[in-house]
Amino acid sequence: MKKLSLMILFTLLMVSCADVKYAEDIVGEWECVSWIEMTSLNDKCADNAYFSFNKDNTYTSKVSAQETKGTYKIVDGILYSNSEGKLEIAVEINTLSKDTLSFTMSRSGNAEILTLVKSK
């Protein structure tokens, strides 16, 4: 039982450390380089998605002509965003480094993978 408790504690610490690193790396302005709809393999990017994440856990985004702003948090490798007047959205982070952010999201039940690069 003691070994199991230590393994759980170690796992929680590793996830927590990853979230802290993610919180640092996500800050900045991001632009779309790839937005793959997995059912059709179509790339929907067309340079029309921009995100800006701030240290104070606020964000703004522009996808096509739709602009949103709100708050975000990262917990256990999941990026949660809560735009003003909307329900919270959760996406699974695939990659988050100083210059690349990739996450999987579900729109209408279909998986989509959005890849962004830091522009500033």
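Let's start at Lys98, which is exposed, with a relative accessible area of 60%. Keep in mind that this is a predicted model. Lys98 forms a salt bridge with Asp25, and the closest N and O atoms are 3.7 Å apart. Asp25 belongs to helix α1, while Lys98 is in the loop between β7 (89-96) and β8 (100-107), so this pair ties together parts that are 73 residues apart in sequence. Unlike its exposed partner, Asp25 counts as buried, at 3% relative accessibility.

Asp25 has another partner, too: its side chain meets that of Lys21 in a salt bridge, at 2.9 Å from N to O. This one stays inside helix α1 (residues 2-25), where the two residues are 4 apart, about one turn of the helix. Lys21 is partly exposed, at 39% relative accessible area.

Now hop over to Glu112, which pairs with Lys44 in a salt bridge whose closest N and O atoms are 3.3 Å apart. Glu112 is in strand β9 (residues 110-118) and Lys44 in the loop between β2 and β3, so here the parts tied together are 68 residues apart in sequence. Glu112 is buried, with just 2% relative accessible area, whereas Lys44 counts as partly exposed at 25%. Back with the earlier trio, shared partners join Lys21, Asp25 and Lys98 into one network of salt bridges. A search of the whole structure turns up 5 salt bridges.

What about disulfides? The whole structure has 1. Cys32 and Cys45 form it, with their sulfur atoms 2.1 Å apart. Cys32 sits in strand β1 (residues 28-37) and Cys45 in the loop between β2 (42-43) and β3 (49-53), so the pair links parts 13 residues apart in sequence. Cys32 is buried at 3% relative accessibility, and Cys45 is buried at 3%.

Notes:
Residues numbered from 1 in each chain as written. Predicted model: local features only at pLDDT ≥ 70, side-chain atom pairs only at ≥ 80, totals over all residues. Heavy atoms only, no water. Disulfide = S-S within 2.5 Å. Buried < 20%, exposed > 50% of the residue type's maximum accessible area, 1.4 Å probe, protein only. Salt bridge = Lys/Arg side-chain N within 4 Å of Asp/Glu carboxyl O.
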